[in-house]
Amino acid sequence: MTVAIAGAAESDLGVTGASVLGLQAQAVTRALEDAGLALSDVDGIATTGLSRFSATQLSDYLGVQPSWTDSTSAGGSAFEMFVARAAQAIEAGQCGTVLITFASNQRSARSRSLGGATEPHTPEAIFESPYAPLYPISYYAMAAQRYLHAHKADREQLAEVAVAAREWALRNPKAFRYGKGPLTAAAVLDAPMISTPLTSADCCLVTDGGGAVVLTSLQRARDLRRPPVLVLGYGESTTNTSMTSADDLLRPGSFDSGRRAFTMAGLEPSDVDVAEIYDSFTITVLLTLEGLGFCAPGEAAGFVAGGRIRPGGGFPLNTNGGGLSYCHPGQYGLLLLIEAVRQLRGECAARQVDGAEIALAHGTGGILSSHATVLLGADR
């Protein structure tokens with residue numbers, strides 16, 4: 001059985017003043033409306049980051065008693081993992097229609113902090129806590145420093161990721177940085193230094209927001225309101241909980257999750273028309289591009305140069321503006337899926353990639369800890 005995404009929508013974004021459950025309700029209602037379905041059709045729920053028992057909390061709030069749930073807590077990659085779990089559950093007959101949903105009001109609630117996140121009882125605490133790292137940026141900064149040194153790259157090349165994201169955001173009225181004007185590499189480098197070599201412009205936004213997608217069988221989806229988007233392949237890899245246990249900062253789990261997803265789908269990186277890659281920090285994108293096989297290790301800094309990932313370039317990347325300029329509600333992976341779906345349905349107006357038939361969404365969670373890749377296809 002082929003599984004498809006039948007509906008996709010965001011909640012309100014930016015600075016909303018809304019509660020987390022209120023944003024969840026917006027996302028769910030809009031995604032079901034997009035699909036032409038009702039809550040009564042839903043028998044599967046996947047969500048995380050809501051409460052101690054996230055799926056139970058949301059199911060109760062929505063008045064749904066699902067036959068299948070998942071509340072895997074893996075950070076920003078959880079939602080690509082949910083696609084795999086939901087597809088498997090639908091194929092196995094455990095449920096017929098799954099909502100994958102998430103929301104956060106972190107900016108309105110001022111709940112985001114750069115304090116240490118290493119729990120005192122964990123083995124890594126003795127090695128890392130004495131240095132008072134900022135979580136998670138200091139860890140990504142170490143990876144960036146290692147990358148620049150090992151591959152003889154420079155910060156201007158790293159900054160291109162943020163510059164390109166802003167160019168896409170200027171074409172997306174929902175983007176937090178829409179209307180703010182273009183970003184230059186010099187502006188990225190001159191922004192306040194947060195953790196060397198990453199400045200504030202190398203870092204994702206802190207916003208409210210969320211979204212939802214609806215999965216069901218392709219057969220059923222073809223009778224619904226919107227063109228279905230096929231789930232072609234998926235893969236994941238969990239590598240390390242801390243930097244202490246990371247074998248190689250330049251070989252993230254995307255090397256394995258991507259390979260597994262492409263093998264399942266019977267595709268190659270060259271088949272991808274549009275890529276939505278988690279951009280918690282500019283370095284995350286360079287490492288992930290190499291891991292997914294779009295370029296060889298050490299080549300990503302050159303790969304993104306010359307406007308290649310900007311609008312009109314040869315490799316459309318993070319076409320909504322990404323976590324750097326569009327929205328980042330703490331866990332961004334679901335919004336990657338929503339943009340991929342919209343691109344394949346041809347709904348993106350000024351930022352639409354012509355002829356997009358294959359899209360990739362890749363989530364990264366923790367400190368380069370969990371990685372999940374999903375390949376989606378248009379139903380032509």
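**Notebook: burial, cores and the sheet**

I began with burial, and of the 380 residues of the protein chain 58% count as buried. I keep in mind throughout that this is a predicted model.

For overall dimensions I took the C-alpha atoms along the principal axes, where they fill a box of roughly 55 × 50 × 40 Å. I then looked up the secondary structure and found 14 helices and eleven strands in the protein chain. The radius of gyration is 19 Å, close to the 21 Å that the globule rule gives for 380 residues, so I note the chain as being as compact as a globular protein of that length. I also checked how far along the sequence the contacts reach: among those with a separation of 6 or more, residues 24 or more positions apart account for 74%. On the outside, the protein chain exposes about 14600 Å², and carbon and sulfur atoms supply 48% of that area.

Next I turned to the nonpolar cores. In soluble globular proteins, nonpolar side chains tend to be buried together. The largest nonpolar core here has 52 residues, and the members that touch the most others are Tyr147, Ile283, Leu286, Leu289 and Phe294. I asked which elements each supply at least two residues of this core, and the list runs through the helices α6 (137-150), α7 (155-169), α10 (254-265), α11 (282-291) and α12 (300-303), together with the strands β9 (274-277) and β10 (358-365). Of the contributors, α6 gives the most, with eight residues.

I followed Leu286 in particular and, leaving aside residues up to four places away in sequence, found that Leu286 touches Tyr147, Leu158, Val161, Ala300, Ala301 and Val304. Apart from this core lies another, of 48 residues, and I noted Ala86, Cys95, Val98 and Leu336 among its members.

Last I traced the sheet. Strands of a sheet pair through backbone hydrogen bonds, either parallel or antiparallel. This sheet is open, has nine strands with mixed pairing, and follows the order β3-β2-β4-β7-β1-β8-β11-β10-β9. Its edge strands are β3 (68-70) and β9, each of which pairs on one side only. From one strand to the next I record a twist that averages 25°.

I looked more carefully at the β9 end, where β9 and β10 pair in the parallel sense over four bridges, and where Val274 stands opposite Ala359 in β10. I close by noting that β9 and β10 appear in both parts of this entry, as suppliers of the largest core and as strands of the open sheet.

Methods. Residues are numbered from 1 along each chain as its sequence is written. This is a predicted model: local features need pLDDT of at least 70, side-chain atom pairs count only at pLDDT 80 or more; totals for chains, interfaces and linings use all residues. Side-chain values use heavy atoms; hydrogens and water are left out. A nonpolar core is a set of buried Ala, Val, Leu, Ile, Met, Phe, Trp, Tyr and Cys residues joined through side-chain atoms within 4.5 Å. Buried means under 20% relative accessible area, exposed over 50%, partly exposed in between (1.4 Å probe, protein chains only). Contact means heavy atoms within 4.5 Å. Two strands pair if DSSP finds at least two bridges between them. Axes are lines fitted to C-alpha atoms, for helices over the stretch in contact, and angles run from 0 to 180 degrees between N-to-C directions. The radius of gyration is taken over C-alpha atoms; the globule rule is 2.2 Å times the number of residues to the power 0.38. Accessible areas come from the Shrake-Rupley method with a 1.4 Å probe; for residues, only the protein chains shown count as cover.
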